[in-house]
Amino acid sequence: MTRIISILIYLLLAPIIGGLLDGIDRKISARMQGRIGPPLLQPFYDVRKLLHKQKISVNKSQSFLILCFCITQIFTGCLFFAGSDILFCFFILSTGATFLVFASAITSSPYSTMGASRELFQMMVYEPAVLLACVGLYLATGSFNVNEIIQKHVSAILFLPGFFIAYVFILTIKMRKSPFDFSTSHHPHQELVKGITTEMGATNLAIYSITEWYENVFLLGVVGIFIVNENPLSYLFAVIVILAVCFLETLIDNTCARVKWDTMLKSTWLVTLLAAGVNLMVLMLGR
């Protein structure tokens, strides 16, 4: 019964929380740039406007693929907040991301196709850090199960600071922030226009935006399980850490210029090896 309630709460609140975080991100970004910025609820206004526009699809298969992308990402969050296996959650998340790649690759647009190839490259770059984060949680807690991880006496981050750093680092890629916003961007400075979303019609783009909100809530939820333990107060600390990570990602997004693909590859794998790799060796030696 508790799992069903958790799933229902995620389904109802995740898009609201994700949209609000998007609005806060825009507001903070504007302040950092000396602007007033859009209203806090602007992301919701944008999606509502897209849903009321004429339905346009460049390819008949695109709408189906984007819907599959949406369903798999939401399913991932449901599994996670129901307390299931975190390794399986990330497997479903990666599988869902391939639907987005296919939805972009089947169009005739060179911008969208190149965005799809860059999305695949990004997946190759951040997957090692994701896998290591799951392995680290298992070594520190003895389980891949989310419910068991958060019921330990102490927070996992005490044993996994390196894994936490590596995971937060790849969030810059997953949340499409500069300097790693290669496949698409929330800002109009891309040489690819909008990359993978270039050829998405009104409804498809709205579904994509809502899916991003669901996905971001899941990704930030993973940040939370590094902090949460059996102490109820740990949930408050987890929220504080999550908000701090969101602010950090916004700060990085507004202070860093986009780098080349090879720099992203080298820097991400370097941080993964140094932070998570060293942490992994310490855990193995301590067993």
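**Entry 1: Glu 215 and Lys 174**

I started with a charged pair and found that Glu 215 and Lys 174 are both buried. They form a salt bridge, with 3.0 Å between the closest N and O atoms. I then looked up where they sit: Glu 215 is in helix α8 and Lys 174 in helix α7, so this pair links distant parts of the chain, 41 residues apart. Note to self: this is a predicted model.

**Entry 2: other salt bridges**

How many salt bridges does a search of the whole structure find? I get 7.

Next I pulled up Asp 25 and Lys 177, whose side chains meet in a salt bridge at 2.8 Å, N to O. Asp 25 belongs to helix α1 (residues 2–32), while Lys 177 is in the loop between α7 (161–174) and α8 (202–225), so the bridge ties together parts 152 residues apart in sequence. Buried or exposed, these two, Asp 25 and Lys 177? Both are buried.

The loop between α7 and α8 came up again with Arg 176. Its side chain meets that of Glu 119 in a salt bridge of 2.9 Å, N to O. Glu 119 is in helix α5, so here the parts tied together are 57 residues apart in sequence. I checked burial for this pair too. Glu 119 has 4% relative accessibility, so I count it as buried. Arg 176 is at 7%, so it also counts as buried; the cut-off is under 20%.

I also noted a network of salt bridges that links Asp 22, Arg 26 and Asp 46.

**Entry 3: Tyr 126**

I stayed on helix α5 and looked up Tyr 126, which lies in it. Its relative accessibility is 3%, so it counts as buried. What does Tyr 126 touch, leaving out residues up to four places away in sequence? I find Ile 170, Ile 173 and Lys 174. That is the Lys 174 that bridges to Glu 215. I also took a C-alpha to C-alpha distance from Tyr 126 to Leu 137: 17 Å in space for 11 residues in sequence.

**Entry 4: nonpolar cores**

Last, the cores. The largest nonpolar core has 60 residues, and Ile 86, Phe 90, Phe 218 and Phe 226 have the most contacts inside it. Which helix gives the most to this core? It is α5 (residues 110–141), with 11 residues.

I followed up on Ile 86. Setting aside residues up to four places away in sequence, Ile 86 touches Phe 80, Cys 134, Leu 137, Phe 144, Val 146, Val 222 and Ile 225. I also logged a second, separate core of 8 residues, which includes Phe 69, Ala 103, Ile 196 and Met 200.

Definitions and conventions
Residues numbered from 1 in each chain as written. Predicted model: local features only at pLDDT ≥ 70, side-chain atom pairs only at ≥ 80, totals over all residues. Heavy atoms only, no water. Core = buried A, V, L, I, M, F, W, Y, C linked by side-chain atoms within 4.5 Å. Buried < 20%, exposed > 50% of the residue type's maximum accessible area, 1.4 Å probe, protein only. Helix = DSSP H or I, 4+ residues; strand = E, 2+ residues; numbered from the N terminus. Contact = heavy atoms within 4.5 Å. Salt bridge = Lys/Arg side-chain N within 4 Å of Asp/Glu carboxyl O.
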